[in-house]
Amino acid sequence: MLLPAQREKVNMNTDIFEGKWKQFVGAAKQRWAKLTDDDWTYVAGKRDQLVGRIQERYGITREEAQRQADEFAREAQLEAERERSAAAHSAGKL
């Protein structure tokens, strides 16, 4: 059973996956190269489906698959924030 803070973290990561999927699907394909094109079609930005496919293809626990997915979401969010910051900085110089 998840604690309220854990539920909030999962909800945030789910939102990140669904909202930013098209932006980082290429990086996700590199990270989890064992997933097939059919897997990616099935996942279609849904965190729970991604976790299940990672678990299945890599033979790891669900908890480890969740940890990897959460780590990936955090990294993707940080990268998106860096890109926004750089764009705003560049726009200010024009």
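Is Arg67 buried, partly exposed or exposed? In this predicted model, Arg67 is partly exposed, with a relative accessible area of 39%, and the legends below place this residue and several others in their surroundings.

**View 1. The overall fold of the protein chain is built from four helices and zero strands.** Read from the N terminus on, the elements follow the order α-α-α-α. The protein chain has 94 residues, of which 28% are buried, and about 6400 Å² of the chain is exposed, with carbon and sulfur atoms supplying 52% of that area. Among contacts between residues at least 6 apart in sequence, 46% join residues at least 24 apart.

**View 2. The largest nonpolar core draws on each of the helices α1, α2, α3 and α4.** This core has 14 residues, and those with the most contacts inside it are Trp21, Trp32, Trp40 and Leu50. Helices α1 (4-31), α2 (37-43), α3 (47-58) and α4 (62-93) each supply at least two residues of the core, while the largest share, four residues, comes from α4. As a general background to this view, nonpolar side chains in soluble globular proteins tend to be buried together.

**View 3. A salt bridge between Arg57 and Asp39 joins helix α3 to helix α2.** The closest N and O atoms of Arg57 and Asp39 are 2.7 Å apart. Because Arg57 lies in helix α3 and Asp39 in helix α2, the pair ties together parts that are 18 residues apart in sequence. The two partners are covered to unlike degrees: Asp39 is buried, with a relative accessible area of 1%, whereas Arg57 has 32% relative accessibility and therefore counts as partly exposed. A search of the whole structure finds 10 salt bridges, and the following two views show others of this kind.

**View 4. Arg47 and Asp48 meet through their side chains in a salt bridge.** The N to O distance given for this pair is 3.7 Å. Arg47, at 3% relative accessibility, falls under the 20% limit and so counts as buried, whereas Asp48, at 46%, counts as partly exposed.

**View 5. A network of salt bridges links Arg31, Glu64, Arg67, Glu71 and Glu75.** Within this view, the side chains of Glu64 and Arg67 meet in a salt bridge with an N to O distance of 2.7 Å. Both Glu64 and Arg67 lie in helix α4, where they are three residues apart, about one turn of the helix. Glu64 is partly exposed, with a relative accessible area of 26%, and Arg67 is likewise partly exposed, with a value of 39%.

**View 6. Gln68 is a buried residue of helix α4.** The relative accessibility of Gln68 is 16%, which is under the 20% limit, so this residue counts as buried. When residues up to four places away in sequence are not counted, Gln68 touches Arg31, Trp32, Ile54 and Ile60. Two of these contacts connect with earlier views, since Trp32 is among the residues with the most contacts inside the largest nonpolar core, and Arg31 belongs to the network of salt bridges that also includes Arg67.

**View 7. Arg53 lies over the face of the Tyr42 ring.** Arg53 is placed at 3.9 Å from the ring centre of Tyr42. Apart from this arrangement of a charge and a ring, the structure holds one aromatic pair.

**View 8. Ala44 has a positive phi in the loop between α2 and α3.** The phi of Ala44 is near 40 degrees, a positive value in a residue other than glycine. The loop that holds Ala44 runs between α2 and α3, and Ala44 itself, at 48% relative accessibility, counts as partly exposed. Helices α2 and α3, which lie on either side of this loop, also carry the residues of the salt bridge in View 3, with Asp39 in α2 and Arg57 in α3.

Conventions. Residues are numbered from 1 along each chain as its sequence is written. This is a predicted model: local features need pLDDT of at least 70, side-chain atom pairs count only at pLDDT 80 or more; totals for chains, interfaces and linings use all residues. Side-chain values use heavy atoms; hydrogens and water are left out. A nonpolar core is a set of buried Ala, Val, Leu, Ile, Met, Phe, Trp, Tyr and Cys residues joined through side-chain atoms within 4.5 Å. Buried means under 20% relative accessible area, exposed over 50%, partly exposed in between (1.4 Å probe, protein chains only). A salt bridge is a side-chain nitrogen of Lys or Arg within 4 Å of a carboxyl oxygen of Asp or Glu. Rings of Phe, Tyr and Trp (its six-membered ring) pair if their centres lie within 6.5 Å; planes under 30 degrees apart count as stacked, over 60 as edge-to-face and the rest as tilted. A charge sits over a ring if NZ of Lys or CZ of Arg is within 6 Å of the ring centre and within 35 degrees of the ring normal. Contact means heavy atoms within 4.5 Å. Accessible areas come from the Shrake-Rupley method with a 1.4 Å probe; for residues, only the protein chains shown count as cover.
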